[in-house]
Amino acid sequence: MADVLLEGRDLVKHYPVKKGLLQRTVGWVRAVDGISFTIERGRTLSLVGESGAGKTTTAKAVLLQEKPTSGTIFFEGQDLNLLSRAQLKREYRPRLGSVQQNPWSSMDPRMKVRDVVAEPLVVNTKQSKQQLRSRVAELLEEVGLNPELSENYPHEFSGGQRQRIAVARAMALNPSLVVLDEPVSALDVSIRAQIMNLLKDLQGQYNLSYLVIAHNLATVRYMSHTVAIMYLGKIVEYGEGENLFLQPLHPYTKALISASMLTLPEDEEKGVKQVILSGEMPSPMNPPPGCRFHTRCTEAMPECSQTVPELRDVGGGHKVACNRV
């Protein structure tokens, strides 16, 4: 049986839209609208989709930066809703790490690197200065940086080096789960593979679980064990990474893969056509009825504007929410 580290069950996050002097609620932004997922120990789940799909909101809920409107997050079988603030601070938060998209804005430019990396240790543990220095040196070595550089400031490092510093900080408390929000998208192409390989090496060494937020499918395919495709607050396809890329079932997944990979002449000979989406994602404040993707879907049927497709297993843990499948 799979060793599930974290499970999100029926997660919902709606934001009120207020107007007027009295700030009356006139509507709701349905950022995340009833999604479920699991992250197994030592494995990577990637959330994929366009901006506004709900990926980052889901990550914020996992990191406790946003409180879900409803639904439950379980960590090692424990319902986080049942834990007090003190218990969350003591038992859950130290088990998490996070690496943000932009290595330039994710750390205080006035802090030396030693203080940037040591910050989680200072906040969550009681260690002497010598212990902190020793741990910082150890962490910098683990991510491929010279510990002697700990006296430097972030602006003295390249983008790739700064992201290594961010990874070192995320690893400071020996987390079980690390949330990676577009961890390589702001880096030069030549550096991306180095950071991805570093993350995979650390995962193998420490049996880490990753929640990856990304839109670059090449990154997702290389990093992921499981992939969830999100559209307008819903998961529309979910499955093992390589199987999902080789046999996409939802029209939206097909379009994302098509857009990320150039159609080759030999593909055209086999009848593989590029799928091009029309229009833009509707507002999460007023999502379309029925299947939320039907307004842009090249395979839509009349019933798609009325019937909400359920996310169902079509075999081998591959799930899809589509009226055609």
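A disulfide here is a pair of cysteine sulfur atoms within 2.5 Å. Keep that cut-off handy for the first exercise. The model is predicted, so local features need pLDDT of at least 70 and side-chain atom pairs count only at pLDDT 80 or more, while totals for chains, interfaces and linings use all residues. Residues are numbered from 1 along each chain as its sequence is written, and side-chain values use heavy atoms, with hydrogens and water left out.

**Exercise 1. Cysteines**

Find how many disulfides the whole structure holds, then check Cys 291 and Cys 322.

Step 1. Searching the whole structure turns up zero disulfides.

Step 2. Take Cys 291: its nearest cysteine sulfur belongs to Cys 304 and sits 5.9 Å away, so no disulfide there.

Step 3. For Cys 322 the closest cysteine sulfur is also in Cys 304, at 6.4 Å, which is too far for a bond.

Step 4. Now the accessibility: buried means under 20% relative accessible area, exposed over 50%, and partly exposed in between (1.4 Å probe, protein chains only). Cys 291 is buried at 11%, and Cys 322 is buried at 13%.

**Exercise 2. The eight-stranded sheet**

Work out the strand order of the eight-stranded open sheet and say which strands stand at its edges.

Step 1. Some ground rules: strands are DSSP runs of E with at least two residues, helices are runs of H or I with at least four, and both are numbered from the N terminus. Two strands pair if DSSP finds at least two bridges between them.

Step 2. The order reads β6-β7-β8-β3-β9-β10-β12-β11, with mixed pairing.

Step 3. The edges are β6 (96–99) and β11 (312–313); each has a single partner strand, so one side of each has no neighbour in the sheet.

Step 4. Helix α1 (residues 55–62) packs on this sheet, touching β3, β6, β7, β8 and β9 (contact: heavy atoms within 4.5 Å). Its direction makes about 150° with that of β8; axes are lines fitted to C-alpha atoms, for helices over the stretch in contact, and angles run from 0 to 180 degrees between N-to-C directions.

Step 5. Zoom in on one pair: β9 (residues 226–231) and β10 (residues 234–240) run antiparallel and share six bridges. Thr 226, for instance, has Glu 240 in β10 as its bridge partner.

**Exercise 3. The four-stranded sheet**

Do the edge analysis for the four-stranded open sheet, and see what α1 does there.

Step 1. The order is β2-β1-β4-β5, and the pairing is antiparallel.

Step 2. β2 (24–40) and β5 (78–79) are the edge strands, each with a single partner, so one side of each lacks a neighbour in the sheet.

Step 3. α1 packs on this sheet too, touching β1, β2 and β4, with its direction at about 70° to that of β2.

**Exercise 4. Salt bridges**

Count the salt bridges, then place two of the pairs, Glu 50 with Arg 296 and Glu 138 with Arg 135.

Step 1. The rule asks for a side-chain nitrogen of Lys or Arg within 4 Å of a carboxyl oxygen of Asp or Glu. The count comes to 17 salt bridges.

Step 2. Glu 50 and Arg 296 have their closest N and O atoms 3.0 Å apart. Glu 50 lies in the loop between β3 and α1 and Arg 296 in the loop between α10 and β11, so the pair ties together parts 246 residues apart in sequence. Glu 50 is partly exposed at 26%, whereas Arg 296 is buried at 5%.

Step 3. Glu 138 and Arg 135 meet at 2.5 Å, N to O. They are three residues apart in helix α4 (residues 129–142), about one helical turn.
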